[in-house]
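Please look through the sequence and the model below before reading on. The report that follows takes up charged pairs, aromatic rings and the surface in turn.

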Amino acid sequence: QVRGLCGTYNWRQQDEFATPAGDVESGVTAFADKYRVSGACPALGPGPPEPCGAPSARRDRAEVTCAVLHGPGFQ
């Protein structure tokens with residue numbers, strides 16, 4: 001059973017944005033904000049963040065971290 005920011009991995013798109021409370025968000029931003037640790041980072045705005053505006057160190061770390069999602073464990 002998989003749940004969280006990676007989705008439910010059950011091939012049903014209607015519940016991929018299930019939150020920790022069990023409700024289902026309709027948008028990426030609202031979904032991501034439900035998993036935000038209070039005070040750890042600012043709440044997201046109404047649109048997706050602009051990755052090209054981030055400092056290069058963050059972008060490099062994000063690319064390495066996200067590469068895991070494209071790896072054999074998630075294929």
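## A network of charged side chains

Asp23, Glu25 and Lys34 are joined in a network of salt bridges, where a salt bridge is a side-chain nitrogen of Lys or Arg within 4 Å of a carboxyl oxygen of Asp or Glu. The model is a predicted one, in which local features need pLDDT of at least 70 and side-chain atom pairs count only at pLDDT 80 or more, while totals for chains, interfaces and linings use all residues. Residues are numbered from 1 along each chain as its sequence is written, and side-chain values use heavy atoms, with hydrogens and water left out.

Side chains of opposite charge can pair when their charged atoms come close. The structure holds 2 salt bridges, and both are set out in the table.

| Salt bridge | N to O distance |
|---|---|
| Asp23 and Lys34 | 3.4 Å |
| Lys34 and Glu25 | 3.1 Å |

The pair of Asp23 and Lys34 links distant parts of the chain, with Asp23 in the segment before H1 and Lys34 in helix H1, 11 residues apart. Helices are DSSP runs (H or I, at least four residues), as are strands (E, at least two), and they are numbered from the N terminus. Glu25, too, has its place in the segment before helix H1, which spans 28-34.

How buried or exposed are the members of this network? Buried means under 20% relative accessible area, exposed means over 50%, and partly exposed lies in between, with a 1.4 Å probe and protein chains only. Glu25 counts as buried because its relative accessibility is 19%. Asp23, by contrast, is partly exposed because its relative accessible area is 31%, and Lys34 is likewise partly exposed, with a relative accessible area of 40%.

The side chains are also joined by polar contacts, meaning pairs of N or O atoms within 3.5 Å; within protein, one atom must be able to donate a hydrogen and the other to accept it, and residues adjacent in sequence count only if both atoms are side-chain atoms. One such contact, of 3.1 Å, runs between the side chains of Glu25 and Lys34, and another, of 3.4 Å, joins the side chains of Asp23 and Lys34.

Contacts in general are counted here as heavy atoms within 4.5 Å. Leaving aside neighbours within four places in sequence, Glu25 is in contact with Phe17, Thr19, Ala30, Phe31 and Lys34. When residues up to four places away in sequence are not counted, Asp23 touches Phe17, Ala18 and Lys34.

## The aromatic rings

Phe17 and Phe31, which appear among the contacts of Glu25, also belong to a cluster in which ring pairs link Phe17, Phe31 and Tyr35. A pair of aromatic rings is described by the distance of the centres and the angle of the planes. Rings of Phe, Tyr and Trp (its six-membered ring) pair if their centres lie within 6.5 Å, and planes under 30 degrees apart count as stacked, over 60 as edge-to-face and the rest as tilted. By this rule the count comes to 2 aromatic pairs. Phe31 and Tyr35 form an edge-to-face pair, with 5.4 Å from centre to centre and 65° between the planes. Phe31 counts as buried because its relative accessibility is 4%, whereas Tyr35, at 25%, counts as partly exposed.

## Phe74 and the surface

Where does Phe74 lie? Phe74 has its place in the segment after helix H2, which covers 56-67, and it counts as partly exposed because its relative accessibility is 39%. Not counting residues up to four places away in sequence, Phe74 touches Cys6, Tyr9, Val68 and Leu69. Cys6 and Phe74 are 68 residues apart along the chain, and their C-alpha atoms are separated by 9.6 Å.

Together with Val68 and Leu69, Phe74 forms a nonpolar patch on the surface, with about 270 Å² of accessible area for the three together. Patches are made of residues with over 30% relative accessible area and no salt bridge, where like charges are joined within 9 Å and nonpolar side chains (Val, Leu, Ile, Met, Phe, Trp, Tyr) within 5 Å. Accessible areas come from the Shrake-Rupley method with a 1.4 Å probe, and for residues only the protein chains shown count as cover.

## The chain as a whole

The secondary structure of the protein chain comes to 2 helices and 0 strands. Buried residues make up 13% of its 75 residues, and its accessible surface comes to about 6100 Å², of which 60% belongs to carbon and sulfur atoms. Among contacts in the chain between residues at least 6 apart in sequence, 16% join residues at least 24 apart.
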